[in-house]
Amino acid sequence: MHSQYDIIVVGAGHAGCEAAAAAANLGSSVLLITMNMQTIAQMSCNPAMGGIAKGQIVREIDAMGGYSGIVSDRSMIQFRMLNLSKGPAMWSPRTQNDRQRFAEEWRLMLEQTPNVDFWQDMVDGVIIENNKVAGVTTSMGQKFYAKAVVLTNGTFLNGLIHIGEKRFGGGRSGERASTGITEQLISLGFRSGRMKTGTPPRVDGRSLDFSKMDEQKGDDIPARFSFTDTPLPVTQRSCHITYTNPEVHEILKEGFDRSPMYTGRIQGLGPRYCPSIEDKISRFSERDRHQLFVEPEGWNTVEIYVNGFSSSLPEDVQYKALRLIPGFENVKMFRPGYAIEYDFFPPDQLELTLETKNIPNLYFAGQINGTTGYEEAACQGLMAGINAHLKINEKDPLVIKRSEAYIGVLIDDLVTKGTDEPYRMFTSRAEFRTLLRQDNADLRLTPLAHELGLASDERMKKVEAKANETGAIINYFKSQSVSPELVNPVFETLGTEPIRQKLKLINLIGRPQVSLSDLAAAIPELEKILTNYTTDAIEQAEIQMKYQGYIEKEQEMVDKISRLEDITLREDFDFDGIRSLSAEARQKLAHVKPRTLGQASRISGVSPADISVLMVYLGR
């Protein structure tokens, strides 16, 4: 049996799958070890991908040559572009997915990826030789050796499931927890913590009355995550919306004395932005109802995911409360919701490459770093897989900046600021979100991935064509003028000021009420010219022209800040020796060990004055 690999990836969730695929596609031999080959890429919680800011991450993963976008498209049962009433920086794609097809597609893609081997077993420790990682040991006594190891253990590290007063070990419903790794890493000097997450009950769709709920259909013209030509759905399945009520809340409160959250049995801190239903009615007691999304689990299954009803209350309480929800009067429950506690390692113990500071060539990705969500995990896996491959091949690491991608924002937040609660990505976390839109992820990242060898020549040609077409459309708008008699009739219907003389098209597209399609409808020549370009290029050109001022302003900010990002700091930089720094700054800088002055400036407790001191010290 082959026991020597370039890279071993532990765990086959979203982070592990992306890590294995990235490293293998770059040329490394990879062993993907999972406790259960039947649950590769399992959607442990909701059957959906994307959403606010998360959709941007999925598009970025795809632009980099990752698989999450393609798998999501192939298994989607509904597509929606969220936040269309806001500016394009806020537009966020989301798919509802067939849970079983999603996992099947991921496994098929991994099996068709050269250089990936699989092994079913529980990893209970890492092998350390000469103070760096050299492989892993398993519960069956196997030893596998590698030049680098990526740990993506999800919620399995000493996982503990809570349902009311019952608790039992497990990493997911029906699956055992993983033991041994936490204890070993602590003995090696790592700090660990405890987090908690939860999941709602699953119910029988045949027992629901959907006529009492609000239907939520997919977009009339569905789009896709991937920048490749993945198939678009011909039909879509609807979701539904219903609400809790005061009666539901009273039933839930009756179970608080048996709730592990309120009796102190759960020690881990739960996700702030995805609270349990009992947490909602406690924290927001002034509200008499909470929204619930009733989501199908796939094309053909009757199983329903009750999004918004995450709970660790006793199953009888969950059942009584569910039956008081409109449309749920005759509900049959497949399984109750539960909470799960698990170990994580504060991510300030990592480099920006996701390599651990304590042990060279050991990488952490996903919920082990304190994040929550498939998308956050997947992008970490992608970056860990890339950087593990680059490290063992003695190549420069890949660190994506905050100004380049949401992926860069997420990793910088984790490593620089740390987290003591499950981290979730939002558009508000990105200070340059006008630049980091979902529509231009390919223009931002595919050239970078192509240079690495992760994005194909075909992808790169497609990006170049999009960029060229976008530029051609913008140049046309800058060069062509239009007369009042052509556009004023349309402007009157749109409620915007008529023009009194010929104006360049570029001056008209900036009006909030005027779209590119409005101008094309008024100007036959423009309509004819646009038939030569793709929909993506037309959309890209319109966004760049309409929001040119905002884009330029953000780019100016990036250019100013990049001066700090370009000033690197040595790994052994002696911050304690600079007495002009504040005591807090010396302590925080020595702990985080920032790699650039820009990263140092984002550490809590490091003031602008401290950065000025460092700049003087560095002769800048």
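This is a dialogue on reading side-chain features in a predicted model.

Biologist: Let us begin with one residue. Where is Asp-6, and is Asp-6 buried or exposed?

Modeller: Asp-6 belongs to strand E1, which covers residues 4-10. Its relative accessible area is 17%. Buried means under 20%, so Asp-6 is buried.

Biologist: Which backbone atom lies 2.8 Å from a polar atom of the side chain of Asp-6?

Modeller: That atom is the backbone nitrogen of Ser-29. Ser-29 is also among the residues that Asp-6 touches, leaving aside those up to four places away in sequence. The others are Gly-27, Ser-28, Ala-146, Lys-147, Ala-148 and Ile-392.

Biologist: Next, salt bridges. What is the general idea, and how many salt bridges are there?

Modeller: Side chains of opposite charge can pair when their charged atoms come close. In this model the count is 36 salt bridges. One of them joins Asp-343 and Arg-194, with N to O at 2.8 Å. Asp-343 is in strand E19 (residues 338-344) and Arg-194 in strand E12 (residues 193-199), so this pair ties together parts 149 residues apart in sequence.

Biologist: What is the relative accessibility of each partner?

Modeller: Asp-343 has 7% and counts as buried. Arg-194 has a relative accessible area of 25% and is partly exposed.

Biologist: Which residue forms a salt bridge with Glu-351?

Modeller: Arg-595 does, and the closest N and O atoms are 2.7 Å apart. This pair links distant parts of the chain, with the two positions 244 residues apart in sequence. Arg-595 is in the loop between helix H19 (583-592) and helix H20 (597-601), while Glu-351 is in the loop between E19 and strand E20 (362-364). Glu-351 is buried, at a relative accessible area of 14%.

Biologist: With which residue does Arg-402 form a salt bridge?

Modeller: With Asp-412, where the closest N and O atoms are 2.8 Å apart. Arg-402 lies in the loop between helix H9 (374-392) and helix H10 (406-417), and Asp-412 lies in helix H10, ten residues away in sequence. Both Arg-402 and Asp-412 are buried.

Biologist: Which residues are linked with these two in a network of salt bridges?

Modeller: The network also includes Asp-413, Lys-417, Glu-431, Glu-565 and Arg-602.

Biologist: Now the rings. How is a pair of aromatic rings described, and how many aromatic pairs are there?

Modeller: Such a pair is described by the distance of the centres and the angle of the planes. The count here is nine aromatic pairs. For Tyr-476 and Phe-477, the centres are 6.4 Å apart and the planes stand at 70°, so this pair is edge-to-face. Tyr-476 and Phe-477 are both buried.

Biologist: What are the values for Phe-573 and Tyr-617?

Modeller: Their ring centres are 5.8 Å apart with planes at 70°, so that pair is edge-to-face. Phe-573 is in the loop between helix H18 (548-565) and H19, and Tyr-617 is in helix H21 (residues 608-617), so the pair ties together parts 44 residues apart in sequence. Phe-573 is buried, at 9% relative accessibility, whereas Tyr-617 is exposed, at 52%.

Biologist: Which residues form one aromatic cluster?

Modeller: Phe-190, Phe-345 and Phe-364 do.

Biologist: Last, a charge over a ring. Over which rings do Arg-287 and Arg-429 lie?

Modeller: Arg-287 is over the face of Phe-284, 4.9 Å from the ring centre. The charged end of Arg-429 is over the ring of Tyr-423, at 4.3 Å from its centre.

Technical notes: Residues are numbered from 1 along each chain as its sequence is written. This is a predicted model: local features need pLDDT of at least 70, side-chain atom pairs count only at pLDDT 80 or more; totals for chains, interfaces and linings use all residues. Side-chain values use heavy atoms; hydrogens and water are left out. Helices (H or I, at least four residues) and strands (E, at least two) are DSSP runs, numbered from the N terminus. Buried means under 20% relative accessible area, exposed over 50%, partly exposed in between (1.4 Å probe, protein chains only). A polar contact is a pair of N or O atoms within 3.5 Å; within protein, one must be able to donate a hydrogen and the other to accept it, and residues adjacent in sequence count only if both atoms are side-chain atoms. Contact means heavy atoms within 4.5 Å. A salt bridge is a side-chain nitrogen of Lys or Arg within 4 Å of a carboxyl oxygen of Asp or Glu. Rings of Phe, Tyr and Trp (its six-membered ring) pair if their centres lie within 6.5 Å; planes under 30 degrees apart count as stacked, over 60 as edge-to-face and the rest as tilted. A charge sits over a ring if NZ of Lys or CZ of Arg is within 6 Å of the ring centre and within 35 degrees of the ring normal.
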